[in-house]
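Subject: Handover of a structure and findings

Dear colleague,

I am passing a structure on to you, together with an account of what was found in it. Please have it open while you read.

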Amino acid sequence: GAHLYDLYSEELNNTKQEYIAALEKMQILDNSIIDFNRLVQSAKTKLLLWGMSEAQVNELGTTKKSSPLTSFYSNASGYITELPVMEGQYASEGMAIVKLADLSSLWAEAQVYASQLSALDLNGTVIVQVPDLPGKEWKGKIEFANPEIAADSRLNLVRVSIPNANGILKPGMPAYVKI
């Protein structure tokens, strides 16, 4: 629910005006000639597809005042990992504006020699130790074992999922994985 960014879009502003006009026409004119409920619902659906929240659309319908900038709020929790667009920059349709990551669980990646693959218990518990956090261990499960072996090194990648409820672990930290 945190405010992420404000966006100016001529198309979005036109859709907001369309919604306000449909609401005003529905109040003024006789609904029997033209079904304004369908027009209002259609304009509202367009706004929701643009990413506006239900509360924002309802507020627009109540105030009937449109701002040239539209605020967008997060619909997921996490940490901002990337901001590919900066203030004042042009954003094209479908472009990522903010990238979020949920760090409540992380992957520890381990490289296993091809000769050791047959000894792996893919359903067993794995212990992960982080040298930057001495004395702490995390238990996890192997979630993925790469079906392909790197030809040059004869190594296979194994991914272990570990919980990070308190947020101590950070992406990119080195780790020891005991399988």
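Residue Q129 offers a convenient place to begin: in strand β7, Q129 stands opposite E137. Please bear in mind that this is a predicted model.

The strand pairs around β6

Q129 belongs to strand β6, which covers residues 125-129. Strand β7 spans residues 137-145, and five bridges join β6 to β7 in an antiparallel arrangement. Strand β6 is also joined to β9, by three bridges, and these two strands run antiparallel as well. Within β9, Y176 is the bridge partner of Q129, while V177 is the residue opposite V128.

The two faces of β6 can be told apart. V126 and V128 make up the covered face, whereas T125, I127 and Q129 make up the uncovered one. In a regular strand, side chains alternate between the two faces of the sheet.

The sheet as a whole

These pairs are part of an open sheet of five strands, in the order β5-β8-β7-β6-β9, with antiparallel pairing. The edges are taken by β5 (105-113) and β9 (176-178); each has a single partner strand, so one side of each has no neighbour in the sheet. From one strand to the next, the twist averages 40°.

The helix pair α2 and α3

A second topic is the packing of two helices. Helix α2 comprises residues 36-50 and helix α3 residues 54-63; their axes come within 9 Å and cross at roughly 135°. The two helices are therefore oblique to each other, and their crossing is right-handed. On the α2 side, K44, L47 and L48 make the contact, and on the α3 side E54, V57, N58 and L60 do so. Of the residues in this contact, four are nonpolar, one is polar and two are charged.

Residue L60

One of these contact residues, L60, lies in helix α3. Is L60 buried or exposed? Its relative accessible area is 6%; because buried means under 20%, L60 counts as buried. Leaving aside residues up to four places away in sequence, L60 touches K16, Y19, I20, L47, K65 and S66. Among these, L47 is also one of the α2 residues that make the contact with α3. L60 and Q17 are 43 residues apart along the chain, and their C-alpha atoms are separated by 9.6 Å.

With kind regards

Definitions and conventions
Residues are numbered from 1 along each chain as its sequence is written. This is a predicted model: local features need pLDDT of at least 70, side-chain atom pairs count only at pLDDT 80 or more; totals for chains, interfaces and linings use all residues. Side-chain values use heavy atoms; hydrogens and water are left out. Two strands pair if DSSP finds at least two bridges between them. Helices (H or I, at least four residues) and strands (E, at least two) are DSSP runs, numbered from the N terminus. Axes are lines fitted to C-alpha atoms, for helices over the stretch in contact, and angles run from 0 to 180 degrees between N-to-C directions. Angles under 35 degrees count as roughly parallel, over 145 as roughly antiparallel, 65 to 115 as roughly perpendicular and the rest as oblique. A crossing is left-handed if the near helix is turned anticlockwise from the far one by less than a right angle, and right-handed if clockwise. Contact means heavy atoms within 4.5 Å. Ala, Val, Leu, Ile, Met, Phe, Trp, Tyr, Cys and Pro count as nonpolar, Asp, Glu, Lys and Arg as charged, and the others, Gly among them, as polar. Buried means under 20% relative accessible area, exposed over 50%, partly exposed in between (1.4 Å probe, protein chains only).
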